[in-house]
Amino acid sequence: MANFEEYKNIWVYTEQRGGRLMPVALELLGEGYRLSRERGEGAKVCAVLVGSEIGYLAEELYAYGADMVYQMDHPLLKNYTTDGYTKVMTDAIKAYKPEIVLFGATHIGRDLAPRIAARLDTGLTADCTRLDINTGNYMKYLTDYTTASSSGLEANDGNKGLKQTRPAFGGNLMATIVTPNTRPQMATVRPGVMEKRERETGASGQLVKVKVELCQSDIQVEVLDVVKEAKELVSLTDADIICSGGRGLGNAEGFELIRRFADKVGGVVGASRAAVDSGWIDQSHQVGQTGTTVKPKIYFACGISGAIQHLAGMQTSDIIVAINKDPEAPMMQLADYAICGDLKKVIPELIQQWDEEEQQ
Amino acid sequence: MKIAVCVKQVPDTNEIRINPETGTLIRDGVPSILNNDDANALEQALQVKDAQPDTEVIVVTMGPPQAKEMLQECLAMGADDAILLSDRALGGSDTWATSNALAAGLKKAGPFDLIFAGRQAIDGDTAQVGPQIAEKMGLAQVTYVKAFELDGAFATVKRALEDGYETLRVKLPCVLTAIKELNTPRYMSVPGILKAAKADIKVWSADDIGVDKTTVGLKASPTNVFRSFTPRPKGKGVSVEGDTPKEQAANLLADLRAKHII
């Protein structure tokens, strides 16, 4: 068992691509800041910046809450590679011994974090949606938001281990995972879930330039090119209104109606996995456990029965409106407003009357 | 060429429902299936075999004895051989411990030129076992593979990103994890089903694979489940009244406006 006393501070892997920070990096700094204060005993939130000539990003990291920035800068780190990034991160974790290391659950975070955890022989929890240190706060969460009992837990038990809560079984079962015997405690966190802090212009912190030891032969994979695809702009995580379609649309043309609806209400088009798997719409629109987690002001679920993996990705929406022929569908049970009917008739009415309302 | 494909038998999470009374999963009658991404991994291996018929494709899984059914499905699709790692000592393994067991099984069954796996399983959704096998075997990895081309001793692959992709060149042997964009898995063939029915699926214990028992199973796992529960269901919503779609739409919009939601 590791000597836990040696492990201090909360590290946030602040992912950058092409010299730009990913939004989840700032969200994680916000969460890391909160957790470091909850941890107490002088724990700091530290941004870990890996790349080539990316020092200019440090200022932004301080502005969003970082007490410290660990910078690993090397020409061979220009593009992300599993081998290069795993080596420098693992070396740094061994040298500085953070108590907790958080990553965004992006395609890169989910490639990098498991490799590092395996090399360090420590635990990693995937796709967390909530993190707690203080047992009392965790108990309050259980009481306020779940069906679980907090019996057997003691609010002031002094347990400072990270309680990592994540959806399991495709969604509606939640599990809290702990890493009792190894350090650091590692987690990936879903983008769009944690809140970034208000930007504090001119904030400063301590910069540590980490000595990077890396050579070409350490990297087994050659990056030939990195291509940005001009995808339809889908910003589900930021949308106030999402109009989502599922199997009940019947075919790809059904999404034309959803698009018209979304255009009318100023929303973004979402989709269930069933619709994506049927090839009716691109995967970038997918809401749910394997897609994007969303929390809009209004979520219109049109012809979506509500498989739990979909519900897991949208059930914290402020208002859910379900339109479905089947009143017993899980989505109709979950919805704040359930319209039992033919979406091909109801949606055109909503489109038309939305305008009428505006004219009044 | 010798290719391993790591597969997992999973409950079809699309079929799982929650018991609203108890807040627990209803698993009765839920079919067990070959994990979706793993079918894409197997298909890619079979495509290599189609092009190079002297290729041997071996599917490997860890699980309870009933996972044999899924392995038979893999054989019926065209895999040559199947190995089940099954032992009480392996039960309750988290991703780290699972990777130790699978890496040991793959070492015994290998050496392999290529190891394919699905990106993630739909029950746990962690996407950790593929990379962790690669680490434990000291091999290069590429995850989220959406295109694959063999090029002598190298593979050229496309790795999907949220906003595009990377093209990567990697020397064999390596571990690649597949996503559904990679291909369309084939169906089982009739000769395949007949062959699979008679196939002798190897079942290996922890002792058979020679894995250090302090690195597998529940007790060895660095992560533990502390609590599991269901989120509190939202209060029951309202059913929007109306005899026609027009009335329903009008009533909904009136209520949303009255509450200043729109």
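In the predicted model, V221(A) is placed opposite V170(B), a residue of β11(B). This pairing belongs to an antiparallel arrangement in which strand β13 of chain A, residues 221-228, is joined to β11(B) by seven bridges. The strand β11 of chain B, which spans residues 164-171, is also among the elements that each supply at least two residues to the side of chain B that touches chain A.

A second association between strands of the two chains is found in an open sheet of six strands, where the pairing is parallel and the order is β15(A)-β14(A)-β16(A)-β17(A)-β18(A)-β15(B). The edges of this sheet are occupied by β15 of chain A, residues 268-271, and by β15 of chain B, and because each of these has a single partner strand, one side of each is left without a neighbour in the sheet. At the chain A edge, strand β14 of chain A, residues 241-245, runs parallel to β15(A) and is joined to β15(A) by four bridges, with S244(A) standing opposite G270(A) in β15(A).

The interface between the chains as a whole involves 93 residues from chain A and 79 residues from chain B. About 7700 Å² is buried between chain B and chain A, and 54% of this area lies on carbon and sulfur atoms. Across the same interface, 38 residue pairs are in polar contact, with both residues at pLDDT 80 or more. On the side of chain B that touches chain A, at least two residues each come from β3 (17-19), α4 (129-137), β9 (140-151), β10 (154-161), β11 (164-171), β14 (224-229), β15 (238-239) and α8 (245-258). Of these elements, α8(B) gives the most, with 11 residues. By residue class, this side of chain B comprises 35 nonpolar, 21 polar and 23 charged residues.

Over all chains the structure holds 35 salt bridges, and eight salt bridges are counted between chain B and chain A. In one salt bridge, the side chains of R119(A) and E135(B) meet at 2.8 Å, N to O; R119(A) lies in helix α4 of chain A, residues 109-120, and E135(B) in helix α4 of chain B, so the pair joins two chains. A further salt bridge is formed by the side chains of K228(A) and D163(B), with an N to O distance of 3.4 Å. The residue range of β13 of chain A, 221-228, ends at the position of this lysine.

Within chain A, the division is into domain 1, residues 4-218, and domain 2, residues 236-359, and the centres of these two domains, taken over C-alpha atoms, are separated by 33 Å. Eight residues of domain 1 of chain A are in contact with 10 residues of domain 2 of chain A, and about 750 Å² is buried between the two domains, 42% of it on carbon and sulfur atoms. Zero salt bridges are found across this domain interface, while one residue pair is in polar contact there, both residues being at pLDDT 80 or more. The side of domain 1 of chain A that touches domain 2 of chain A is made up of three nonpolar, four polar and one charged residue.

For chain B, the domain assignment gives domain 1 as residues 2-220 and domain 2 as residues 232-262. The C-alpha centres of domain 1 of chain B and domain 2 of chain B lie 46 Å apart.

How values were computed: Residues are numbered from 1 along each chain as its sequence is written. Chains are lettered from A and ligands numbered from 1 in the order in which they are written. This is a predicted model: local features need pLDDT of at least 70, side-chain atom pairs count only at pLDDT 80 or more; totals for chains, interfaces and linings use all residues. Side-chain values use heavy atoms; hydrogens and water are left out. Domain bounds come from an automatic or database domain assignment. Contact means heavy atoms within 4.5 Å. Buried area is the accessible area (1.4 Å probe) that two parts lose on being put together, summed over both. A salt bridge is a side-chain nitrogen of Lys or Arg within 4 Å of a carboxyl oxygen of Asp or Glu. A polar contact is a pair of N or O atoms within 3.5 Å; within protein, one must be able to donate a hydrogen and the other to accept it, and residues adjacent in sequence count only if both atoms are side-chain atoms. Ala, Val, Leu, Ile, Met, Phe, Trp, Tyr, Cys and Pro count as nonpolar, Asp, Glu, Lys and Arg as charged, and the others, Gly among them, as polar. Two strands pair if DSSP finds at least two bridges between them.
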